[in-house]
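This report describes the fold of one protein chain and then turns to selected sites within it. The sequence and the structure are shown below.

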Amino acid sequence: MSTIAVVGAGKIGESLLSGLLHGGRGADELLFTERHPERSAELTARYGVAGVEVAEAAKRADVLVIAVKPQDIEPVLDELAPLVGPDTLVVSLCAGLPTSLYERRLAAGVPVVRVMPNTPMVVGEAMSAISAGSHATAEHLALVTELLSCVGQVIEVPETQQDAVTALSGSGPAYFFYLVEAMIDAGILLGLPRAVSEKLIIQSAVGAGKMLAETGEHPVILREAVTSPAGTTINAIRELEKHGVRAALLAAIEAARDRSEELGKAHE
Ligand SMILES: NC(=O)C1=CN([C@@H]2O[C@H](COP(=O)(O)OP(=O)(O)OC[C@H]3O[C@@H](n4cnc5c(N)ncnc54)[C@H](O)[C@@H]3O)[C@@H](O)[C@H]2O)C=CC1
Ligand SMILES: O=C(O)[C@@H]1CCC=N1
């Protein structure tokens, strides 16, 4: 039985704990650390998992999952440095932080796997991309894949692609939520009640997502099937093109990639 400790049980850390429990891990195989005592008590009451100090997590865990904000990593590394050795697998979920940061700051030979998950983890539909650091083996990657499979899908990418992945799927749910929010507003503009507009758009988003996932068709084909000659959709598409929506998405995702790179460089 291996012990998994989540350091920083915020949105992502809590979703992972919940997913691991649903996936069949016992509460006694899990630990978490949280700097706010009220939050810690709330999580223990909800999941039956013990909240411990970072140092205790480092001593007891076989797998340490780091889920603090990248800006909060320094004190965590300081605490872990004297306690973590090559028998502990460190899994970082932090945007921008390279495996080399952990390898530089922790004892020689500590295996590190970098992961970029996303918030649909909360409903078991995460997209997680994983990359091995220089001491992580195929077995370590297989273990991380098994853990993350409890909360969604997993792919392996070279670490050089992780900043791009962060911009695409890490932040990606926010772009879809933004789009949905704007489309609901459009319904209000056209005079629909808010509740009706929300239902129409959310179910359209769910349906479109399912079609993308289940038909295997390219998005262009699916869009063309909606776009009738001299119909309504093409009029909307003309406006999207006129307002540069495609160019805006390219620029937005490039900016997110740049920020991920900056977050990593802040700890060089
Ligand atoms: N929110 C998102 O969509 C995604 C976030 N991530 C990454 O996951 C990590 C966590 O993000 P969120 O869950 O959104 O943040 P969050 O702010 O909800 O959670 C972070 C938690 O860490 C705790 N914490 C900070 N320092 C601590 C310490 N020294 N000891 C114990 N607990 C400590 C905080 O109290 C907080 O509850 C970040 O590095 C982020 O880049 C990755 C993919 C998606
Ligand atoms: O915005 C952020 O920095 C985090 C990482 C990816 C999604 N949310």
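What percentage of the contacts in the protein chain with a separation of 6 or more is accounted for by residues 24 or more positions apart? The share is 64%. The structure discussed here is a predicted model.

## Overall architecture

The protein chain comprises twelve helices and eight strands. Its C-alpha trace spans about 70 × 40 × 30 Å along the principal axes. Of its 268 residues, 32% count as buried.

## The annotated N-terminal domain

An unreviewed UniProt entry annotates residues 3-96 as "domain: Pyrroline-5-carboxylate reductase catalytic N-terminal". In the model, 40% of this span is helix and 19% is strand. The C-alpha atoms at the two ends of residues 3-96 are 26 Å apart.

## The annotated binding-site residues

Under "binding site", the unreviewed UniProt entry lists Ala67, Val68, Lys69 and Pro70. Two of these residues, Ala67 and Pro70, are described here.

Ala67 is located in the loop that connects β4 (63-66) and α4 (73-80). Is Ala67 buried or exposed? Ala67 is buried, because 24 other C-beta atoms lie within 10 Å, and 20 or more suffice for a residue to count as buried. When neighbours within four places in sequence are left aside, the contacts of Ala67 are Val6, Val7, Gly8, Gly10, Ile12, Gly13, Leu16 and Leu93.

Pro70 also belongs to the loop between β4 and α4. Pro70 has 19 C-beta neighbours inside 10 Å and therefore counts as partly exposed. With residues up to four places away in sequence not counted, Pro70 touches Cys94, Ala95, Gly96, Leu97 and Leu263. One of these partners, Leu263, is a buried residue of helix α12.

## Helix α12

Helix α12 consists of 21 residues, numbered 245-265. From its first C-alpha to its last, α12 reaches 30 Å, which is close to the 30 Å expected at 1.5 Å a residue.

Which residues are buried in α12? They are Ala256, Ser260 and Leu263. These residues lie on the same side of α12, because they cover an arc of only 60° around the axis. Helix α7 (162-170) is included in what covers the buried residues of α12. On the face of α12 turned away from the buried side are the exposed residues Ala247, Leu250, Ala251, Glu254, Ala255, Asp258, Glu262 and Lys265.

## The β7-α6-β8 unit

Strands β7 (residues 126-132) and β8 (residues 152-156) run parallel and are joined by five bridges. Within this pairing, Ser128 has Val154 in β8 as its bridge partner. Between the two strands the chain passes through helix α6 (residues 138-148), and the resulting β-α-β crossover is right-handed.

## A backbone feature at Ala230

Although Ala230 is not a glycine, its phi is positive, at about 55°. Ala230 is placed in the loop between α10 (219-226) and α11 (233-242). Ala230 is exposed, because only 6 other C-beta atoms lie within 10 Å, and a residue with 12 or fewer counts as exposed.

Methods:
Residues numbered from 1 in each chain as written. Chains lettered and ligands numbered in written order. Predicted model: local features only at pLDDT ≥ 70, side-chain atom pairs only at ≥ 80, totals over all residues. Pairing = 2+ DSSP bridges. Helix = DSSP H or I, 4+ residues; strand = E, 2+ residues; numbered from the N terminus. Right-handed = clockwise from strand over helix to strand, strands pointing away. UniProt positions renumbered as here; feature names shortened; annotations may be inferred. Expected span 1.5 Å × (residues − 1). Arc of directions from axis to C-beta. Contact = placed C-beta atoms within 7 Å.
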